[in-house]
Amino acid sequence: MASRPNCRSFMHRLLRICLSVSIHFLVLSRVIAQTDSVIVTGRIRNLSARLYRESPTVLVSRNNILQASRELVRPAPLNLDGTFRVALPLIYPQEEMYFNYGRISTAFLAAPGSLEIELDADSLFTTAVPFKFSGVNAQVNQQYARYKAFEAAYPNKPDAAKLSRESQGLSLNGTFDLFSGTYNGLLQAFSGREKLFPLLSQWIRSANRYNAASFVYEKATVEGDQINKELNDSLRLANDRLLTAARASAMNRFANYAIQQSSTPEINQRNNSLSIKTLSSLLIRYGRNLSEAERTRLQGYMDNNQAKASDIRFFSDLVRRSNDTIQRLVAFETLLQRSRAKFDDATTNYLAAYQLANALPSLTLDFARLLYDYARPQVKDSYLAQSLDELYQLETKDSIRIQAAVQTLNKAGRNASVLEISPGVFVTRDALAEGRALFDRIINANRGKVIYVLMTSPDSEGERQAALDAQRLRNTFGSRNFALVYLPNIANDAQRWAEFCVKNRLEGDHLITTLAQLGGIVDYLRPNGEISATIINRVGKIAKRNAPLPDALEEIKKVVDKNL
């Protein structure tokens, strides 16, 4: 006879499962607040075997208003009959997206629902409008395709470089009028040929406005000018629910302008430090190894929002104990405090989301989670909050794989020789070796190959992009005759680089050094910037100091081919 299950044990298991599911959905409801999406389907008719082999995938991409430089791409593999299907999330009610197939591309306007794009392979390069749209926004997208064909043939199409030259000496208002007038002139010419759908007019005029705004923000930032309120209000539409690439770019440039304006001497003088209440709250929440006496003392400062001059040393000691964490949080709060003195709540809200979104790629998982948990509740705008959640998910989605790689590195201690911490990612470090000797060790391990050494870090967007671009070199030259070596400038923070290279799948050799070791290697390589490349020939000698950076593929090929 089968034994009866223990009722108490069963109830405990059921309770644990329910709690786990509840917590899981609570986390998801916070991170994924939006549920709207668009289903993009389509077909490339008369798809030949040759064309399929050359381009077996369709790419559909969209923007994020907090990171204009980051295109969020979803690949859609082609079926043998040329059909494809891909689902993309939507944050804004109307979003500009991009369809790419081989050398053919177009923008289209997406909204919740289904949208279909059809092409004929036989006429991809012979017809002015190779796209046929159906589904949501079909008429608008079809008219937009005709508008772009009209623009391609228009003799006086806007020239950004020419406009930039013409704007020299103009006021900020004059610059905006010049750019917006020129861009809208093209739309006006097209409207003389056919009646515009209202949504198309809104879409193109919005993009034109933000393209002009980008130049104004850039000009104001470079020249240190202040944009008057009337012009500033006209550059950005209130309650704008249409997201374009132009808007994302303009808002990012606006953030840089606003941060500069929030750092003027008069603003700094009035808002140079946080209140005692805010600093005490940060230390209570994030301070390291606080005693009960210290917590009680901080609570008293927070309640009274005041401290004596003699208390400065107490605060300094606690900040020093939690140096990196508290300093980043203080910098974040100080920026918001200064922006509140200069701008309205909507601007401060955007700056809070923008600062956090652009800090995430350079942070460790633990610190990204800490900063996100702290700053996310301060982002009140629902669209910005969802945009931030999306970027946070992207930065932390491979946390299990990243944590496993960090554990592998830490287990090896301070001495690792070509240690594979993740597929294709090899780390070498030796804290006791002299810098030049450690560098020669990894060069000798790749002797017989042309070696591309890239010195970079995860600190800035340019440095991160250089690291990503270098992967194309491995794909171009292969691993038999070519080796890629990363030399990260990370100030003894091996974990941060390990997480960055594993998260981004940066295959190749990674030489982790101390500051002293890096100094010795820098003396030998003599780089001329924070991002620098060196090409080593097959016998281990320097073939090219300050070689072309990874984005200059053709120039690199000339040097590499010469030394193969």
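**Notes on the predicted model**

1. The largest cavity holds about 60 Å³ of space. This is a predicted model. In total, 3 cavities of 30 Å³ or more are counted. Residues lining the largest cavity include Leu-360, Leu-363, Thr-364, Leu-365 and Ala-368. Glu-395, Thr-396, Ile-402, Glu-499 and Lys-503 line this cavity too. Three elements give two or more residues to the lining: α15 (365-375), α16 and α20 (494-503).

2. Next, the second largest pocket. Its volume is about 760 Å³. The lining of this pocket has 28 residues. Closest to the pocket centre are Arg-236, Leu-237, Asp-344, Ala-346 and Thr-347. Helices α7 (229-235), α8, α14 and α16 (382-396) each give two or more residues to the lining.

3. The largest nonpolar core has 67 residues. Within this core, Leu-66, Ile-227 and Leu-298 touch the most other members. Helix α14 (residues 345-359) gives the most to the core, with 8 residues. Another core lies apart from it, with 34 residues. Leu-365, Ala-405, Leu-454 and Ala-467 are among the members of that other core.

4. Ile-227 deserves a look of its own. Leaving out residues up to four places away in sequence, Ile-227 touches Leu-172, Val-216, Tyr-217, Ala-220, Asn-232, Leu-235 and Tyr-257. One of these, Asn-232, sits in helix α7. Asn-232 counts as buried because its relative accessibility is 11%, and the cut-off for buried is under 20%. With residues up to four places away again left out, Asn-232 touches Tyr-217, Ile-227 and Phe-254.

5. Helix α8 covers residues 245-261, 17 residues in all. From first C-alpha to last, α8 reaches 24 Å. That is close to the 24 Å expected at 1.5 Å a residue. Buried residues in α8 include Ala-246, Arg-247, Ala-248, Ala-250, Met-251 and Asn-252. Further along α8, Phe-254, Ala-255, Tyr-257, Ala-258 and Gln-261 are buried as well.

6. Thr-221 lies in helix α6 (residues 198-223). Is Thr-221 buried, partly exposed or exposed? Thr-221 is partly exposed, because its relative accessible area is 22%, and partly exposed runs between 20% and 50%. Beyond neighbours within four places in sequence, Thr-221 is in contact with Arg-253, Asn-256, Tyr-257 and Gln-260. Thr-221 and Gln-260 are 39 residues apart in sequence. In space they are 7.2 Å apart, C-alpha to C-alpha. As for the spacing of such contacts, residues three or four places apart in an α-helix point the same way, because there are 3.6 residues a turn.

7. Now the strands. Strand β11 (residues 425-430) has 5 of its 6 residues buried, so the rest of the structure largely encloses it. Strand β10 (residues 415-422) runs antiparallel to β11, and 5 bridges join them. Ser-422 has Val-425 in β11 as its bridge partner. The hairpin of β10 and β11 has 2 residues between the strands. In this hairpin, Gly-424 takes a positive phi near 85°.

8. What joins β11 to strand β14 (residues 508-511), and do they run parallel or antiparallel? They run parallel, and 4 bridges join them. Val-427 stands opposite His-510 in β14.

How values were computed: Residues are numbered from 1 along each chain as its sequence is written. This is a predicted model: local features need pLDDT of at least 70, side-chain atom pairs count only at pLDDT 80 or more; totals for chains, interfaces and linings use all residues. Side-chain values use heavy atoms; hydrogens and water are left out. Buried means under 20% relative accessible area, exposed over 50%, partly exposed in between (1.4 Å probe, protein chains only). Contact means heavy atoms within 4.5 Å. Two strands pair if DSSP finds at least two bridges between them. A nonpolar core is a set of buried Ala, Val, Leu, Ile, Met, Phe, Trp, Tyr and Cys residues joined through side-chain atoms within 4.5 Å. The expected span of a helix is 1.5 Å times one less than its number of residues. On a 1 Å grid over the protein atoms alone, a cavity is a set of points where a 1.4 Å probe fits but cannot get out, and a pocket is an open set with protein on both sides within 12 Å along at least five of seven lines; lining residues have an atom within 4 Å of a point. Grid points are joined across faces, edges and corners, and a volume is the space filled by probe spheres set on the points.
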